[in-house]
Amino acid sequence: MAELTRVLGALLSRTLAAKEQADRHAGELAQTYLDTDTLARMGPPSVHGLEVVFELKFALGVADRAGADLERRLEATAQDVADAAVQAVQRELEKGVSVLARWGRAYRAAQRDLRDAAVARELESAVADSLRPPVHAAAESGALDLDAATSRTLSAIDAVLFNRGPVRSFAAAHKITFDKARAAIENMVRDSLNRLQPAVTAAAESGRDGDLAVIVDSAALAELPERVVSSARLQFVVEEGEAAAFSATIDDPDDG
């Protein structure tokens, strides 16, 4: 069986490859027009608004709920850890300096940087990326290496959060080491990973990786009852100089 993402990705990739080939031929044809006196008086042909429609027959294979649940929990854990990390740094910045310093521009700049939504997204993504390899590996073995996963996550947080210019500058000026913040973050990461362990165990016991598998092979589809086979109309529109647009319509066989 194939993963649905791989099927759609292959279709889109082949469509874009065909468009690139058409563009190359159009360029060669345009040069021919320019080099020929008679043809040079006319505009060379070009490819515009390429539209390709696929009719995909498929049947659902295996959907691993345990693996999908693990991925959802991992993403939620990353968000919780990222939020807690920012709050821990904010608290230490506030408690580590005098009231007078908190009125200064440097302090306000550091706190404003920590409240930036882009920083939160970057940190959440970094935490998720650091957790995903050890968590997925644990989903195969059933045991999560808590120390290794914690260390990876702390390194990711350190790179994104503590190395930010406004935060680093203010901390250096006021001799703030963030030891308390780092300790609080480490405890948060360990607690979160412990709460994630049951989902890791369930995914390992399911023996799947969480991907949705579909049957697209014509021979296999022919052996299945007609009622379980669905049809999807996939439309790709590629404009010159623009990214491909994709739309899909799933047809319900009961409506026919």
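Let's start in the loop between α7 and α8, where Phe 178 sits. This is a predicted model, by the way. Phe 178 has a positive phi of about 65°, although it is not a glycine. Is Phe 178 buried or exposed? With a relative accessibility of 4%, Phe 178 counts as buried.

Phe 178 shares its loop with another residue to look at: Lys 175 also lies between α7 and α8. Lys 175 is not a glycine either, and its phi is positive, about 55°. Its surroundings are another matter: Lys 175 is exposed, with a relative accessible area of 74%. So if you have the model open, look for the buried Phe 178 and the exposed Lys 175 in that loop.

Now step back along the chain to α7 itself, residues 165-173. Which residues of this helix are buried? They are Val 167, Phe 170 and Ala 171. Looking down the axis of α7, you find these buried residues within an arc of 100°, so they line one face of the helix. As a reminder, an α-helix has 3.6 residues a turn, so residues three or four places apart point the same way. On the other side of α7, Ala 172 and Ala 173 are exposed.

On the far side of the loop we come to α8, residues 179-206, which packs with α5, residues 117-141. How do we describe such a pair? Two packed helices are described by the angle between their axes and the distance between the axes. For α5 and α8 the angle is about 45° and the axes are 8 Å apart. The two helices are therefore oblique to each other. From α5, the contact uses Leu 131, Val 135, Ala 138 and Ala 139; from α8, it uses Leu 193, Leu 196, Val 200, Ala 203 and Ala 204. What classes of residue make up this contact? There are 9 nonpolar residues, with no polar and no charged ones.

Finally, the whole chain. It has 9 helices and 5 strands, and the order along the sequence is β-α-α-β-α-α-α-α-α-α-β-α-β-β. Of its 256 residues, 30% count as buried. Among contacts between residues at least 6 apart in sequence, 78% join residues at least 24 apart.

And how confident is the predictor? The average pLDDT of the chain is 78, and 80% of the residues score at least 70. Among the elements, helix α6, residues 146-162, has the highest mean pLDDT, 90, while strand β5, residues 244-251, has the lowest, 56. Thanks, everyone, and over to you for discussion!

Technical notes
Residues are numbered from 1 along each chain as its sequence is written. This is a predicted model: local features need pLDDT of at least 70, side-chain atom pairs count only at pLDDT 80 or more; totals for chains, interfaces and linings use all residues. Side-chain values use heavy atoms; hydrogens and water are left out. Axes are lines fitted to C-alpha atoms, for helices over the stretch in contact, and angles run from 0 to 180 degrees between N-to-C directions. Helices (H or I, at least four residues) and strands (E, at least two) are DSSP runs, numbered from the N terminus. Angles under 35 degrees count as roughly parallel, over 145 as roughly antiparallel, 65 to 115 as roughly perpendicular and the rest as oblique. Contact means heavy atoms within 4.5 Å. Ala, Val, Leu, Ile, Met, Phe, Trp, Tyr, Cys and Pro count as nonpolar, Asp, Glu, Lys and Arg as charged, and the others, Gly among them, as polar. Buried means under 20% relative accessible area, exposed over 50%, partly exposed in between (1.4 Å probe, protein chains only). The arc is that of the directions from the helix axis to the C-beta atoms. pLDDT is the predictor's confidence in each residue, from 0 to 100.
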